[in-house]
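Please look over the sequence and the structure shown below before reading on. The report that follows moves from the whole of one chain to annotated stretches.

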Amino acid sequence: MNNTGLQGLDLSRPAFAMQGLTKVFGSGPSRVEALRGVDLTVPAAELVVLLGPSGSGKSTLLNILGGLDSATSGSLFYFNQDLGGMDESELTQYRRQHIGFVFQFYNLMPSLTALENVQLVTEIAENPMDAAEALAMVGLENRQDHFPAQLSGGEQQRVAIARAIAKRPRVLFCDEPTGALDSKTGRTVLNVLQEVNRELGTTIFIVTHAASTAAMAHRVIHFADGRISKEVENQHVLSAAEIDW
Amino acid sequence: MLASLDQKLLRDLWRVRGQALAIAVVMAFGVMLMVMMDGLINSLSETKRSYYERYRLAQVFAPVKRAPKHLLQQIAHWPDVTAVEGRISGGALINLPEETIPIRAQAVSLPDYRAPRLNDIYLAEGRRLDPTHKNEILLLEGFANARGIQPGDYLTATLNGARRSFHVVGLAQAPEFLYTPAPGEIVPDDKRFAVFWMSEDALAAALDMDGAFNEVLLTQPLGVNSAHLLYQLDQLLMSYGALGAYTLDDHLSNRFISEEIQQLENSNRVVPPVFMGVAAFLLYIVISRMVQSEREQIGLLKAFGYTGWEISLHYLKFVLLIAIFGALLGCVLGVLGGRGLSGVYQLYYKFPFLLFRLDPATVISSVLVSIVVACAGAAWVVRRVFALTPAQAMRPPTPTDFSTGLRFGQGLLAKFDQPTRMVLRTLNRHPLKTMMSIGGIALGMALSAGMLNVLTAFDRTLAFSFEQVDRSDLNVNFVEPLGPDSLYYLARLPGVLAAEGVRDVPAIFHFGRERYRGVVTALAPAPQLFRSLDKHGQPIALPQQGIVLSKALAGQLKVQNGDTLLVDIRQGRRPKLPIQVAAIAETMTGAPAYMDLKALNRLMFEPGRVSGAHLRIDMHHAQTLYAKLKDMPAIASVNLKNHSRQAMEKMMDEGAGATRYVMMIIAAVITFGIVYNSARIAFAERARDLASLRVMGLTKSEAAFVLLGELGIITLLAIPVGCAFGYGLSALISAGFSNDLYQVPVTVVPTAYGSAAVAVLLAALGSGYLIKRDLDRLDLVGALKTRE
């Protein structure tokens, strides 16, 4: 897989470094500026929480970082690789080998069991962990033969996390991962994410409305009107169990 | 001002316009066929009825050799006889200067000083006969037009061996000559068969029928069984050489038009419902998909206070708009198609007028049927609208449960990767939907395969009839059966390479309660030019005792090999002979019965007689030979085999057969419609999963596999099913369209199935390509935002 354009990553660099990143949707009267010049540097292995009202641009940024969308202007580096210059198939390889996603609505394949959902990813990754091991990490070793319809929301989200981490991604993007869950289950899910960050050294981005989640992050980024309005580095990081929900 | 729900309705329709149009078109085809066939059935039977009535077509026909006129008065006094007419009719040959072969014709008498009580004529052009001019004739309009003959022209014809000149004073048509193939053929060729009417006195003089007649025509009061009358007639005319009385039902021209109407009715019962079923299925999946994806909106509307009925009505309206559009389009197409087809029908069925008349009830019922079908498709879905509570609707639906249903063995699954498992489980999870998709595609394929099969089988029919059974170049019929010398004479004519005698004898076959008026064809031993063949194409050796029946005749009489039937010979001494069925022969046209020539002549006590001959000729001397034959008074007719063949080919290519090509195009459209719609809907249902797969890092092709793999498997499974359906359809067509006049064989033509399968694969590839294109353009972020 030499066409990935991701050979020879310089891991001494920050995981992401962006300068003047903008994203414009539409044109003319329907023109919307979702990002209006974002400058940000995120070192590897951090847990980053993005906060802000709806439409403030946090999900847009997440999509661009995850290679689902491209910026209109500005520079964006993933370690030493220029993400902005990648074509469609390079982005696919980037997502395939480096990135994991967790969504608000889990996005599991209903026709595959928990284990098979994880295997879907381990089958195509270069250096994946064992699928059963990934499920064990999220505490679902006993539910691996269940279909999504037989799992609760929290369990489905944990399968989604297991699926996202099974390929040992360098970065994990979570868009409202607890948005559809009750507080107890949400806490379990956040706990799993924190453990993944701690034990695997995965850089994690969490987009959320729940401000209390910020306490468990290394870095908190506040969004407003397509810009970063505030950036805070937490000196003291709480565990998911400790945060006020 | 449109209600806001109706605004939504129109926008939704516009959004799915491609699919909506596809469904409307399928529905329109169904309605078109319904309207077209119903209209044709209506027009043909109504026109036929009024034509028969206006020109007083007889209900009973009793041909006889020569009977005195006074018998007619006797018959007129029988109870249950409302009208009687006696007339003279006989074979003739028309000699046109431009034709080297004389043209077969039938001369029919018209009373001299009155209108005929029965079987009147419709005068299309010119005037009626003047009884004082004995050389005047009225000529069948179709023949006159085909030959460019007009009132005022003269032509010569040979009657009873004597050549005469006639003055054409008018062109006519008659209900008894609606469909006029030359004797022994099944497809009319206007150029090669003529009917002319002439003064009774003149025809009586020409055919030596003074004071006599050779055909009785009768009508009866409505609803009276004619069996007894037929018996009475046969008894009365027995000693005058009765050939066997028969009813209008057995009258050849009427048989053809009635069969045609019957076949239209059969098709009308089977074909449109198939289209309607397919349309209902497509509507069901589209609307089902829509309600599924709009459950949130439905919940919201319910939360606002809309009732289940109001919301259901919204979706019903959606379906109804498509259905009504399809129905109206179908009505328009049906009227256009019907008008076009009536034109084609008039090429073969000589109605003086044939207006495509549509019963308004047909239009109303077609529209109603479409609405009912559409509602049936939607009803299942609308139930879900009622079941949905606002709170439920606002929550994302739980994922489809794949834990139920058939579990694949782990050993089997272990062989597949996850995307393949997804494909297999999806197919397995919705077995009904899978089966319906397979069934739908198979149905479309069956239509093409069946049609192609019939077309190819028809070519084989022609080859079988004209190359294997009949290997002669032409056949001649004598005015009267002649002795063996005639054959030697023919064989010595210039250009004749071989001559083989044949004797056709009219006969009535009886077996149990079954009765069939036909002909015994007696062939020379081990014939080379005209043979009876078994179903493997092997010649059947004609036994010294026994008769070989064609499959069609055996079917008509319900006899089996070995049964003994009564053959009532209607010529010469008229023996009634019990004869055992020795074999069943394969034939494609008519319902012949074969016997050994010597055996038949022995039974009739007429040794050495032949009624005609099959000839093989040297084409270089053909013109000289034709000229010779034209001058031989003993010869009643000369038929070139190629002319018969060409007439049949022409009918298949230009006439009724042409509709088969239309059916094939429709079949292709349906197949593509189903394949594309299935793929389109599968894509819509799976868009979010596919986006997820892409986000996870699967390449476009890997993600496409999950979707197109399903389409591929469905298509591949549909092909064998389509072959089976296709075979069933050809068998149905064969059963529905075969009779004693012609037979549609159920031969399996592998290329027909192969071509249909290729068409299905192409449709699948085309749909796959279109879907793959959309998949490649899939907006990942957008697709992921939808929550379901």
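Two residues are said to be in contact when heavy atoms of theirs lie within 4.5 Å. In this predicted model, 81% of the contacts in chain B with a separation of 6 or more are made by residues that stand 24 or more positions apart. The chain contains 23 helices and 20 strands, and its C-alpha trace spans about 100 × 60 × 50 Å along the principal axes.

Of the 788 residues in chain B, 56% are buried. Chain B exposes about 33,400 Å², and carbon and sulfur atoms supply 60% of that area. Chain B also carries 76 positive and 66 negative charges, whose mean positions are 7 Å apart.

Some stretches also carry annotations from a record. For chain A, an unreviewed UniProt entry lists residues 16–243 as "domain: ABC transporter". For chain B, the annotation "transmembrane region", again from an unreviewed UniProt entry, covers several spans, among them residues 270–287 and residues 704–733. The table sets out the computed make-up of these stretches, together with the distance between their end C-alpha atoms.

| Stretch | Helix | Strand | Distance between end C-alpha atoms |
|---|---|---|---|
| Residues 16–243 of chain A | 29% helix | 27% strand | 27 Å |
| Residues 270–287 of chain B | 100% helix | 0% strand | 26 Å |
| Residues 704–733 of chain B | 100% helix | 0% strand | 40 Å |

Read together with the record, residues 704–733 of chain B are thus a span annotated as "transmembrane region" that is 100% helix in the model, while the annotated domain of chain A has both helix and strand.

Notes. Residues numbered from 1 in each chain as written. Chains lettered and ligands numbered in written order. Predicted model: local features only at pLDDT ≥ 70, side-chain atom pairs only at ≥ 80, totals over all residues. Heavy atoms only, no water. Helix = DSSP H or I, 4+ residues; strand = E, 2+ residues; numbered from the N terminus. Buried < 20%, exposed > 50% of the residue type's maximum accessible area, 1.4 Å probe, protein only. Areas by Shrake-Rupley, 256 points an atom, 1.4 Å probe, with all protein chains shown as cover. Lys, Arg positive; Asp, Glu negative; His and termini not counted. Charge placed at Lys NZ, Arg CZ, Asp CG, Glu CD. UniProt positions renumbered as here; feature names shortened; annotations may be inferred.
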